[in-house]
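Reader: I would like to take a close look at one part of this model, and I would ask for a connected account.

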Amino acid sequence: MGHEVIRGSSVGVIGGSIAGCATAIALSRLGCEVTVLERSSTGLKDRGSGIAIPIALRDDLIDAGYLPSDYAVWPATARRWLVADGSTDGDHRWTQPGPMVTNNWGELWRALRSNLPPTVRYCEGAEVVGLEESADGIVITTSAGVNHRFDVVVGADGYRSVARTHLHPESSPTYAGYVLWRGNFPSDRLVDRSIWDAVVASGEWLSVGFEGGHGVMYPIPDFGAEQGGDLRVNWAIYASRPEALEIDGPSSIAPGAVSDACDAAFRTLLDESMPPAVREVFDSPHEELSIQPIYDELVDTYVRGRVVLAGDAATLSRPHTGSGATKAIQDARLLEELGRSHTTWAPLLAAYDEDRTAEGRRLVDLGRRIGRDQVEHTPPWAEMTPDDFQAWTAGTLSGDTLYFWSDEAEGE
Ligand SMILES: Cc1cc2nc3c(=O)[nH]c(=O)nc-3n(C[C@H](O)[C@H](O)[C@H](O)COP(=O)(O)OP(=O)(O)OC[C@H]3O[C@@H](n4cnc5c(N)ncnc54)[C@H](O)[C@@H]3O)c2cc1C
């Protein structure tokens, strides 16, 4: 497909989540005829919880028209590290500069989805089950037996991508050996609001270190909230696998599906690791609790023939890096940027592949180092001074950077 012109090409995007919507906006702006095939038939907006993105990326997305100017986020300036020391509020050990904005996953998806240009066809309930390439195109088949022919296909179909399997049949995700407990709920449910109010007033999100893991909590805008409106409590705890949980792949145990035995293990974890007042902002009821086994996956190329990977379909990094949505959107933004200096697919895809493959490797490596230092081999948090924390995080970064681990806080 070396000399095929980008403008006027037909592009099929498999998956209509964050990467799929952002890619569809990008490619339609380059003059492609874009069709999104999304497996879900009920929409994605009510699922999901909190995600963080860099402030600069939020600004870029608003400036570029991907997000509306009144798009709601919660701005954070720093991260407050606590440990349980027998006191009600815990011991505040370190404040780490860390500017970022937090998002409600469903609202981020809804904003991108509603900014799809009218020329983009977004087909719900369209599960792709097969891809077949030929010299002049690629045919993708849905579970309903419908065939669609495209010039190029973008696999934006997440961590169990059929497009990645097509490109890399030998690749499989690697289990990290631990899990992420997650929950989120409206903040007006809190009875003791002391910790929550301090977080909201300071703009400093929480991390609580304990032996064998840590918890994080940050506010996110509520569903339908305007800028500066209602907030939800969003928390996550990295810890070893509860004995009662059998791990058989990266799929999360959804709210409502967590067993009684796992719920009991979670309550014990809260009792043992969280200062009493802090426990309140991690305490979701059983039916709202979810568990995500932590996996990562890396491939050595994002592009082959007429198939391009984006988002989690391309690289799955551990959530520590806060990069799932960020990388997915950056993948799309780079496609758009490269399309402004290339008129044919081959050089665009070669440049995209080189850039994004390297970024995927960087993020997977960084996620592994953070997992090692903050879950697998936790430090003696309670004995650490701010200088120790600084040196410890510098060791984890190992010369790399992460947008919410900055040396100096930016103003929001
Ligand atoms: C419903 C949902 C809720 C999420 N909630 C959170 C969250 O709260 N916090 C967080 O950090 N991350 C969350 N994520 C993951 C996060 O969106 C991704 O890590 C990141 O944003 C990259 O997105 P992605 O579009 O590459 O992948 P994903 O968001 O996983 O999207 C992949 C999309 O492809 C679709 N799909 C998969 N297979 C097929 C197929 N064969 N045919 C057609 N469509 C297919 C899926 O239905 C999905 O919509 C969530 C993902 C989903 C789908």
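What covers the buried residues of α6?

Author: This is a predicted model, and the account that follows should be read with that in mind. The cover over the buried residues of α6 includes the strands β11 (174-186), β12 (204-210), β14 (231-240) and β15 (290-296), together with the helix α7 (276-279). The helix beneath that cover, α6, runs over residues 260-273; its 14 residues reach 20 Å from the first C-alpha to the last, close to the 20 Å expected at 1.5 Å a residue. The residues of α6 that are buried are C262, D263, F266, R267, L269, L270 and S273. Because these buried residues cover an arc of only 160 degrees around the axis, they lie on the same side of α6. The spacing of such positions follows a general rule: an α-helix has 3.6 residues a turn, so residues three or four places apart point the same way. On the other side of α6, by contrast, D260, D271 and E272 are exposed.

A second helix, α10, can be described in the same terms. Spanning residues 386-397, α10 has 12 residues and reaches 16 Å between its first and last C-alpha, close to the 16 Å expected at 1.5 Å a residue. Here F389, W392, T393, T396 and L397 are buried, and because they cover an arc of only 135 degrees around the axis, they are placed on the same side of α10. D387 and A391, on the other side of α10, are exposed. The cover over the buried residues of α10 includes two strands, β4 (74-83) and β5 (91-104), and the helix α9 (345-376). Just after α10, S398 takes a positive phi of about 50 degrees.

The helix α9, which helps to cover α10, also packs with α8 (residues 324-339), at an angle of about 155 degrees and with the two axes 10 Å apart. That angle makes α8 roughly antiparallel to α9, and the crossing in which α8 passes α9 is right-handed. On the α8 side of this contact are K327, Q330, D331, L334, L335, L338 and G339, which meet L348, A351, Y352, D355, R356, E359 and L363 in α9.

Another helix pair is formed by α1 (residues 18-29) and α3 (residues 105-114), whose axes come within 9 Å and cross at roughly 25 degrees. The helices α1 and α3 are therefore roughly parallel to each other, and their crossing is left-handed. In this pair I18, C21 and I25 of α1 meet W105, L108, W109, L112 and R113 of α3.

Notes: Residues numbered from 1 in each chain as written. Predicted model: local features only at pLDDT ≥ 70, side-chain atom pairs only at ≥ 80, totals over all residues. Heavy atoms only, no water. Helix = DSSP H or I, 4+ residues; strand = E, 2+ residues; numbered from the N terminus. Expected span 1.5 Å × (residues − 1). Buried < 20%, exposed > 50% of the residue type's maximum accessible area, 1.4 Å probe, protein only. Arc of directions from axis to C-beta. Contact = heavy atoms within 4.5 Å. Axes fitted to C-alpha atoms, helices over the stretch in contact; angles between N-to-C directions. Parallel < 35°, antiparallel > 145°, perpendicular 65-115°, else oblique. Left-handed = near helix turned anticlockwise from the far one by under 90°.
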